[in-house]
Amino acid sequence: MRRGAPDVSLQPPVSSLRPPLLRWNALAGASLIGYNSRVRRRVCGLKLELSFPSDPRLLRVVRSVVGQMAGLCGFEEDEARFIVVAVDEACANIIRHAYGGRTDGDIRLACSTEDDRIEFTLTDRGRAPQHVARLQPRSLEEVRPGGLGMHLIRSVMDEVRFRFGEGENQLQLTKLLHPGRRVQSGAIIE
Amino acid sequence: MSIQIDVRKQEQTAVINVVGDIDLYSSPQVRQTILDALNEKSDNRVLVNLTGVKYIDSSGVASLVEGLQLARRSHVRFALCGLNKAPRQVLELTRLINVFDIFESIEDALKA
């Protein structure tokens, strides 16, 4: 990957389905809307990978892509918005903690949609967390800044898995699709 | 669109108008503006107008919490107004929605 200036490289999905035009519009045109409410048709079996440097200016692009993918998978607007928050927080954690604010680290985001879920795998080659406690959400009883990102991730996602080793850190986030239900403040409501 | 921030004085209140996403990139600018307004100590109240904010992440929320804490120490009133749905949901998710004084609009906040 070219270092220095922000660079987003996109790989086409490995799918027999013809990719919806909207997705390509969103990606190629870098439309910055977080979610397109006109999209309601579910599209499963999509795979998409983004590689980008750990530059926080690119987070808005990542949010746009994540919102579009969640919409294609069939998540309602509120749910898609929560998913965007979780993935954005995960990327921000990588930039802040794994790369210590460096803007030239490599981040890979792989996203796949299945019948009942959407999965995101974030991979970086930065510092691994020194303490497992850093991966746990802090208590919210105390009103203080900081430490809220992991709480947001765990509140939104159904599965959160970490894997460290071979110079790579990997975070897998899974959100299950619950037709007819919606998510509010992390709780699924009938 | 990058973030836009301006501060206006209105009825002994520093009104901080923020337009754009508050995320890891932009939150340091928001944080500094809030802290500067509070440290100036020439106003009785600091009001952060979030009408133009469609997205806020945990670093943005942390900036607001830091402002609230400094305001309490400085005996200055600190409030938010114009919360859109997404920022409100994030504050709810972090259970901080009831920690802040929140108003619908600048006018409502100034009347309070």
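How many bridges join strand β5 (residues 159-165) of chain A to β6(A)? Keep that question in mind as you open the viewer; the tour reaches it shortly.

**Before you click**

This is a predicted model, in which local features need pLDDT of at least 70 and side-chain atom pairs count only at pLDDT 80 or more, while totals for chains, interfaces and linings use all residues. Residues are numbered from 1 along each chain as its sequence is written, and chains are lettered from A, with ligands numbered from 1, in the order in which they are written.

**Stop 1: chain A, coloured by confidence**

Select chain A and colour by pLDDT (the predictor's confidence in each residue, from 0 to 100). The chain averages 76, and 63% of the residues score at least 70. Chain A holds 4 helices and 8 strands; here helices (H or I, at least four residues) and strands (E, at least two) are DSSP runs, numbered from the N terminus. Among these elements, helix α1 (residues 21-28) of chain A has the lowest mean pLDDT, 32, and β4(A) the highest, 97. Residues 1-39 of chain A have a pLDDT below 50, though this stretch has 65 contacts in the model beyond near neighbours in sequence; two residues are in contact if their C-beta atoms, placed from the backbone, lie within 7 Å. At the other end, residues 179-190 of chain A also stay under 50. Where pLDDT is low, the predicted coordinates should not be read in detail.

**Stop 2: strand β6 of chain A**

Now select residues 168-176 of chain A, which make up strand β6. Here is the answer to the opening question: 7 bridges join β5(A) to β6(A), and the two run antiparallel. Two strands count as paired if DSSP finds at least two bridges between them. Show A:Phe162 and you will find it opposite A:Leu171 in β6(A). The hairpin of β5(A) and β6(A) has 2 residues between the strands, and there A:Glu166 takes a positive phi near 50°.

β6(A) also pairs with strand β4 (residues 117-124) of chain A, in the antiparallel sense over 8 bridges. A:Arg117 has A:Leu176 as its bridge partner in β6(A). Turn the strand to compare its faces: A:Asn169, A:Leu171, A:Leu173 and A:Lys175 form the covered one, while the uncovered one includes A:Gln170 and A:Thr174.

**Stop 3: A:Leu109**

Centre on A:Leu109, in strand β3 (residues 106-113) of chain A. Is A:Leu109 buried or exposed? It is buried, because 23 other C-beta atoms lie within 10 Å; the cut-offs are 20 or more for buried, 12 or fewer for exposed, and partly exposed in between, with C-beta atoms placed from the backbone. Leaving out residues up to four places away in sequence, A:Leu109 touches A:Glu49, A:Leu50, A:Val62, A:Phe120 and A:Leu122.

**Stop 4: where the chains meet**

Show both chains: 23 residues of chain A are in contact with 21 residues of chain B. On the chain A side, α2 (59-73), α3 (77-98) and α4 (149-156) each supply at least two residues. α3(A) gives the most, with 6 residues.

From here, move to helix α3 (residues 85-93) of chain B, whose buried residues include B:Pro87, B:Val90 and B:Leu93. Their cover includes α3 and α4 of chain A together with β3 and α2 of chain B. Just after this helix comes B:Arg95, with a positive phi near 60°.

**Stop 5: the sheet and helices of chain B**

Select the strands of chain B. 5 of them form an open sheet in the order β1-β2-β3-β4-β5, with mixed pairing. β1 (4-10) and β5 (101-103) of chain B stand at the edges with a single partner strand each, so one side of each is left without a neighbour in the sheet. β1(B) pairs with strand β2 (residues 13-19) of chain B in the antiparallel sense over 7 bridges; look for B:Val7, whose bridge partner in β2(B) is B:Ile16.

Finish with two helices, α1 (residues 27-40) and α2 (residues 58-74) of chain B, whose axes come within 9 Å and cross at roughly 10°. That makes α1(B) roughly parallel to α2(B), a label for angles under 35 degrees (over 145 is roughly antiparallel, 65 to 115 roughly perpendicular and the rest oblique). Axes here are lines fitted to C-alpha atoms, for helices over the stretch in contact, and angles run from 0 to 180 degrees between N-to-C directions. Among the residues that meet are B:Ile34 and B:Leu38 in α1(B), and B:Gly67 and B:Leu70 in α2(B).
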